[in-house]
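Let's take a walk through a protein model together. Keep the sequence and the 3D view side by side as you read.

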Amino acid sequence: MERYSPVTLSETMIQGVLKAPQNGKMLFISNRVDPVAAEAFEKAGVQVSGGTDSNWLTTLLSWVLPTLLFLGVWIFLFR
């Protein structure tokens, strides 16, 4: 049996597999937090919770616009 479950770290997120299901879920995704900032807030007695600043529109546009641009150039070149 594995001692640790796999975890993937990126610049902004942490993704992983839980060893035991929690509320029927085996996977987790979390935003990364700057440890220095989190520690400063905790020392000041501030309650800290997670959040995200991304939304579906910016994500969609970041995939659709480059694809449309590529197709436009491709169609222009093959005329």
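What percentage of the 79 residues in the protein chain is made up of buried residues? The figure is 3%. Keep in mind that you are looking at a predicted model, so the confidence values deserve a glance before anything else. The mean pLDDT of the protein chain is 81, and 86% of its residues reach 70 or more. Among the elements, E1 has the lowest mean pLDDT, at 80, while helix H2 (residues 56–77) has the highest, at 90. Where pLDDT is low, the predicted coordinates should not be read in detail.

Now for the overall plan. The protein chain holds 2 helices and 3 strands. If you follow the sequence from its start, you meet them in the pattern β-β-β-α-α. The protein chain exposes about 7700 Å², and carbon and sulfur atoms supply 64% of that. Contacts tell us something too: of those in the protein chain with a separation of 6 or more, 0% are accounted for by residues 24 or more positions apart.

Let's turn to the strands. In what order do the 3 strands lie in the open sheet? The order is E1-E2-E3, and the pairing is antiparallel. The edge strands are E1 (7–9) and E3, each of which pairs on one side only. From one strand to the next, the twist averages 20°. As a general background, strands of a sheet pair through backbone hydrogen bonds, either parallel or antiparallel.

Look at the E1 side of the sheet. E1 and E2 run antiparallel and are joined by 3 bridges. The hairpin that connects E1 to E2 does so through 3 residues. You can find one of the matched positions by starting at Val-7, whose bridge partner in E2 is Gly-16.

On the E3 side, strand E2 (residues 13–22) and strand E3 (residues 25–31) pair in the antiparallel sense over 6 bridges. Gly-16 turns up here again, standing opposite Phe-28 in E3. Gln-15 has Ile-29 as its bridge partner in E3, and Gln-22 has Lys-25 as its bridge partner in E3.

The turn between these two strands is worth a pause. The hairpin of E2 and E3 has 2 residues between the strands. Asn-23 sits in the loop between E2 and E3. What is notable about the phi of Asn-23? The angle is positive, at about 55°, although Asn-23 is not a glycine. For comparison, most residues other than glycine have a negative phi. Is Asn-23 buried or exposed? Asn-23 counts as exposed because its relative accessibility is 81%, and the cut-off for exposed is over 50%.

Next, follow E3 to Met-26, which has its place in that strand. With a relative accessibility of 34%, Met-26 counts as partly exposed. Which residues does Met-26 touch, not counting residues up to four places away in sequence? They are Gly-16, Val-17, Leu-18, Lys-19, Ala-20 and Pro-21. Take Gly-16 from that list: Met-26 and Gly-16 are 10 residues apart in sequence, and their C-alpha atoms are 8.6 Å apart in space. While you have the strands in view, remember that in a regular strand the side chains alternate between the two faces of the sheet.

Finally, let's move on to a helix and look at charge. Side chains of opposite charge can pair when their charged atoms come close. How many salt bridges does a search of the whole structure find? The search finds 1. Lys-43 forms a salt bridge with Glu-39, and their closest N and O atoms are 3.1 Å apart. Both residues lie in helix H1 (residues 35–43), 4 residues apart, which is about one turn of the helix. Lys-43 counts as exposed because its relative accessibility is 68%, whereas Glu-39, at 43% relative accessibility, counts as partly exposed.

Methods:
Residues are numbered from 1 along each chain as its sequence is written. Side-chain values use heavy atoms; hydrogens and water are left out. Two strands pair if DSSP finds at least two bridges between them. Axes are lines fitted to C-alpha atoms, for helices over the stretch in contact, and angles run from 0 to 180 degrees between N-to-C directions. Buried means under 20% relative accessible area, exposed over 50%, partly exposed in between (1.4 Å probe, protein chains only). Contact means heavy atoms within 4.5 Å. Accessible areas come from the Shrake-Rupley method with a 1.4 Å probe; for residues, only the protein chains shown count as cover. A salt bridge is a side-chain nitrogen of Lys or Arg within 4 Å of a carboxyl oxygen of Asp or Glu. pLDDT is the predictor's confidence in each residue, from 0 to 100.
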